[in-house]
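Ready for a few exercises to work through with the viewer open? Try each task on your own before reading its solution.

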Amino acid sequence: MNHIQKLESLSIYILREAYANIKNLCMLWSIGKDSTVLLWLVRKAFFGTIPFPLLHIDTSFKIPDMIIYRDFLVKEWKLPIIYGINQNAIAEKKTFPDQTLNRLKCCDLLKTKTLINTLNGKWPRYKYNHITNKYEPDNDNSEYTGVIVGIRSDEEGSRSKERYFSQRNQENRWEFEDQPPEFWDQFNVDCAPGAHVRIHPLLDWTEINIWEYIQHENIPTVSLYYDNGSGKRYRSLGCYPCTFPITSKAKNPAEIINELQNGQLKNVPERSGRSQDAEDGGGLETLRRNGYM
Amino acid sequence: MNIVITGHVDHGKSTIIGRILYDTGSVSRDSVDRIKNNCISNSRQFEYAYITDVIKEEQCRGITLDSARVFFKTGKRQYRIMDAPGHTGLLRNMVTGASYADAAFLVIDAAEGICENSRRHGYLLSMLSIKKIAVIINKMDLVNYEQKAFEKIKKEYSAFLQTICLNSEFIPVSGLNGDNIVFKSINMPWFNGHTIIKTLDSFPQEHTEIDESFRMPVQDIYDFIKSEYKGKIIAGRICTGTLNAGDEICFYPSTRKDIVKKIVQFGETSKKTAYAGESVGLILGHDTLAERGDIAAKSGENCPYSVNRFLASIFWLNNIPLIKNKKYILKLGACRVEMHVEEICKVINSSDLKIQNNKGFVNHHNVAECIIKTNRKIALDLSEKSIQTGRFVIADNFNISGGGIVRSIDI
Ligand SMILES: Nc1nc2c(ncn2[C@@H]2O[C@H](COP(=O)(O)OP(=O)(O)OP(=O)(O)O)[C@@H](O)[C@H]2O)c(=O)[nH]1
Ligand SMILES: [Mg+2]
């Protein structure tokens with residue numbers, strides 16, 4: 001087996017362990033390249049079936065192409081999907097783009113708080129109906145006790161210290177120095193009532209591995225990652241007020257891999273186009289301790 | 001290849017990794033400059049260790065709290081390095097970091113010499129069955145790069161490694177100044193061994209287990225309604241051996257047998273052969289009842305045991321001691337079963353290898369031999385025969401608290 005095949009096999013193993021052990025499971029799908037690779041792996045792990053819902057945290061500030069691409073794949077692959085959103089903050093204009101909050105606080109309200117309250121079922125969820133082709137209020141508000149997240153350890157410092165299965169307490173906090181051990185492919189799948197488990201099947205993948213896999217498997221990805229003639233493309237996707245394209249002429253996965261290995265992006269951190277990280281002293285540590293993905 | 005760096009607290013593990021990354025150009029000047037500026041604004045001295053000790057609290061306290069994964073490449077291959085913490089209270093994080101390694105470095109401070117966790121980490125590496133170890137004697141600058149200091153520690157630590165059936169090469173380095181890490185040291189002309197990077201590239205490639213007997217723990221049985229596959233699919237990852245379509249397999253402990261009709265992978269045509277390491281799906285000839293936790297073996301090859309009582313060597317990582325007759329959960333492969341310790345035969349202090357007098361409990365950080373009783377029969381192997389199906393973890397109150405390897409079933 002080559003390196004990518006080993007990574008694929010371990011990720012599938014982790015996904016199957018999560019499904020076998022956790023009653024109410026969902027998977028975060030941010031529309032980005034990592035969680036789309038994860039979605040591909042889920043289809044492989046369960047032979048084409050997606051046996052749990054995908055959850056998208058909408059902020060209303062996502063780059064519009066992302067939402068178009070999301071709903072295209074939802075139809076194409078018949079994906080079970082729900083989304084959550086912080087309607088109050090948006091209606092009351094408590095956001096960074098409305099110039100009433102800084103970036104960190106905005107991330108906290110639109111993403112972290114929304115994630116927490118969508119997972120625990122306290123805020124409304126909207127579910128895609130494949131017959132009417134519309135998102136409709138979901139009357140299931142049971143709590144998710146496990147959530148699969150496509151983070152990678154090479155993305156950012158605090159993510160290099162994650163476990164494959166990581167417990168979050170009632171307040172959603174990550175007590176990273178008190179994590180129980182995890183070894184020999186045995187995971188801490190149980191958790192106390194009110195707490196939940198985050199599952200990280202992509203921890204060992206690097207950014208280059210992700211692109212190698214996308215190329216090898218021919219995985220459909222949103223066009224924003226590629227230069228469409230403007231000489232610019234996105235390396236990492238998020239909300240448009242805080243995420244900026246880089247100057248690059250890479251038009252396909254092969255050219256992106258080359259740029260990462262030998263070109264201008266060699267050793268340049270991936271999230272350098274994300275402004276909220278800079279406000280946290282160059283990392284996501286504060287956000288992540290409080291429940292950010 | 002997966003590598004772990006272990007050793008006593010403050011002996012310089014993170015510094016050495018920082019050096020490796022810096023001297024091989026695996027981190028950009030930019031990111032190092034950013035860390036340096038951050039240090040200036042927090043009026044803290046720059047340390048190479050901050051490249052992996054990224055958490056604010058780690059930098060304030062000057063110690064690694066949890067294992068970090070970092071990636072880098074040499075001309076020869078790709079590496080994932082785990083930087084393990086050396087503090088005694090963080091042994092569980094060291095085990096987490098070390099358990100996935102193919103080879104390990106163990107760092108000893110030349111000035112301070114062998115300490116509690118130098119030996120304890122060595123011992124745990126042997127229990128984690130990591131056979132390939134190299135010892136790094138760090139901070140040679142503090143002993144004027146003298147050969148005498150190096151030889152003394154080398155002699156003493158080799159003797160210790162021998163008692164646990166390991167041997168190792170020794171490399172004198174200075175993480176601070178970069179001697180013998182990526183570049184050969186000019187301060188130690190008396191040393192004609194390899195640098196750390198050369199040693200890394202000389203570790204033999206991890207062997208694949210395709211020649212051993214076939215073992216696959218059953219992870220799940222899928223029967224999705226809308227699936228394009230007809231019938232049930234047995235899902236699992238092959239630990240060892242190879243499997244061909246048409247082979248007869250047997251599930252343990254039930255000993256039910258069936259023929260493998262197809263080996264399926266989504267989006268691809270079915271395979272003729274699957275090998276150790278692959279996550280696969282099996283469609284059987286007669287839809288035989290298997291369950292999660294069973295171990296599948298191949299008829300005609302040697303088979304696993306089905307037992308409810310066995311002798312094991314275990315290590316304990318929880319602050320609450322392991323005690324006799326209390327209910328715990330044992331997890332081996334995909335099997336999960338209630339268990340208790342029937343007898344604690346021997347307790348060993350993992351740092352000085354002294355045998356403890358008490359036999360009523362096992363304190364955290366200690367190692368023991370004990371008889372384990374499960375409340376039903378499970379399938380397993382002896383660890384010396386088949387490591388992946390011969391080891392298990394013990395969970396107490398939601399958390400994994402210890403690990404063990406199966407020594408014998410004749411008790
Ligand atoms: N003089 C000298 N000091 C060193 C050398 N290597 C590391 N140090 C210092 O030793 C201290 C501890 O280094 P770390 O790399 O943080 O040690 P560690 O082994 O990672 O420690 P833990 O992760 O907490 O167990 C730091 O202050 C380093 O600057 C060396 O080669 N020479
Ligand atoms: Mg350290």
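## Exercise 1: A covered helix

Helix H1 of chain B, residues 13-23, is mostly covered, with 11 of its 11 residues buried. Please keep in mind throughout that this is a predicted model.

**Task.** List the buried residues of H1(B), then find the glycine with positive phi that follows the helix.

**Solution.**
- Step 1. Start at the beginning of the helix: B:Lys13, B:Ser14, B:Thr15, B:Ile16, B:Ile17 and B:Gly18 are among the buried residues.
- Step 2. Continue to the end, where B:Arg19, B:Ile20, B:Leu21, B:Tyr22 and B:Asp23 are buried too.
- Step 3. Move past the helix to B:Gly25, which follows H1(B) and has a positive phi near 70 degrees.

## Exercise 2: The surroundings of ligand 1

**Task.** Describe the shell around ligand 1: how many residues surround the ligand, and which element gives the most to the shell?

**Solution.**
- Step 1. Count the neighbours: 21 residues surround ligand 1, and the closest are B:Lys13, B:Thr15, B:Glu47, B:Thr64 and B:Asp141.
- Step 2. Sort the shell by residue class, which gives 6 nonpolar, 10 polar and 5 charged residues.
- Step 3. Look for the main contributor: H1(B) gives the most to the shell, with 3 residues.
- Step 4. Check oxygen atoms of the ligand. One is 2.9 Å from a polar backbone atom of B:Gly12, and an oxygen atom of ligand 1 also lies 2.8 Å from a polar backbone atom of B:Gly175. With B:Lys139, a polar side-chain atom is 3.0 Å from an oxygen atom of the ligand.
- Step 5. Finish with the cover: of the 650 Å² of accessible area that ligand 1 has on its own, the protein covers 88%.

## Exercise 3: Where the chains meet

**Task.** Work out how much area chain B and chain A bury between them, and which three residues of chain B supply more than any other three.

**Solution.**
- Step 1. Begin with contacts: 71 residues of chain B are in contact with 59 residues of chain A.
- Step 2. Turn to area. The two chains bury about 5400 Å² between them, with 51% of it on carbon and sulfur atoms.
- Step 3. Name the contributors: B:Arg69, B:Phe266 and B:Phe398 supply 14% of the area that chain B buries against chain A, more than any other three residues.
- Step 4. Follow one residue across the chains. A:Pro180, in the loop between strand E7 (165-168) and strand E8 (196-199) of chain A, touches B:Arg92, B:Asn399 and B:Ile400 as well as A:Arg163, A:Gln167 and A:Asn188, not counting residues up to four places away in sequence.
- Step 5. Classify A:Pro180: its relative accessibility is 17%, and buried means under 20%, so A:Pro180 counts as buried.

## Exercise 4: Another enclosed helix

**Task.** Explain why helix H4 of chain B, residues 91-98, is described as largely enclosed by the rest of the structure.

**Solution.**
- Step 1. Check the burial: H4(B) is largely enclosed because 8 of its 8 residues are buried. B:Arg92 and B:Met94 are among them.
- Step 2. Identify the packing partners. The buried residues of H4(B) pack against strand E1 (2-7), strand E3 (78-83), helix H5 (116-127) and strand E15 (305-316) of chain B.

## Exercise 5: Backbone angles in loops

**Task.** Is A:Phe47 buried or exposed? Ask the same of A:Asn218, then locate the cis peptide bond that leads to B:Pro253.

**Solution.**
- Step 1. Take A:Phe47, in the loop between helix H2 (33-45) and strand E2 (54-58) of chain A. Its phi is near 55 degrees, a positive value in a residue other than glycine. At 3% relative accessibility, A:Phe47 counts as buried.
- Step 2. Take A:Asn218, in the loop between helix H6 (207-217) and strand E9 (232-233) of chain A. A:Asn218 is not a glycine, yet has a positive phi of about 60 degrees. With a relative accessible area of 65%, A:Asn218 is exposed.
- Step 3. Go to chain B, where the peptide bond from B:Tyr252 to B:Pro253 is cis, with omega near 10 degrees. B:Pro253 lies in the loop between strand E10 (248-252) and strand E11 (256-264).

Notes: Residues numbered from 1 in each chain as written. Chains lettered and ligands numbered in written order. Predicted model: local features only at pLDDT ≥ 70, side-chain atom pairs only at ≥ 80, totals over all residues. Heavy atoms only, no water. Buried < 20%, exposed > 50% of the residue type's maximum accessible area, 1.4 Å probe, protein only. Helix = DSSP H or I, 4+ residues; strand = E, 2+ residues; numbered from the N terminus. Near = heavy atom within 4 Å. Polar contact = N/O pair within 3.5 Å; in protein donor to acceptor, adjacent residues only side chain to side chain. Areas by Shrake-Rupley, 256 points an atom, 1.4 Å probe, with all protein chains shown as cover. Nonpolar A, V, L, I, M, F, W, Y, C, P; charged D, E, K, R; others polar. Contact = heavy atoms within 4.5 Å. Buried area = accessible area lost by both parts, 1.4 Å probe.
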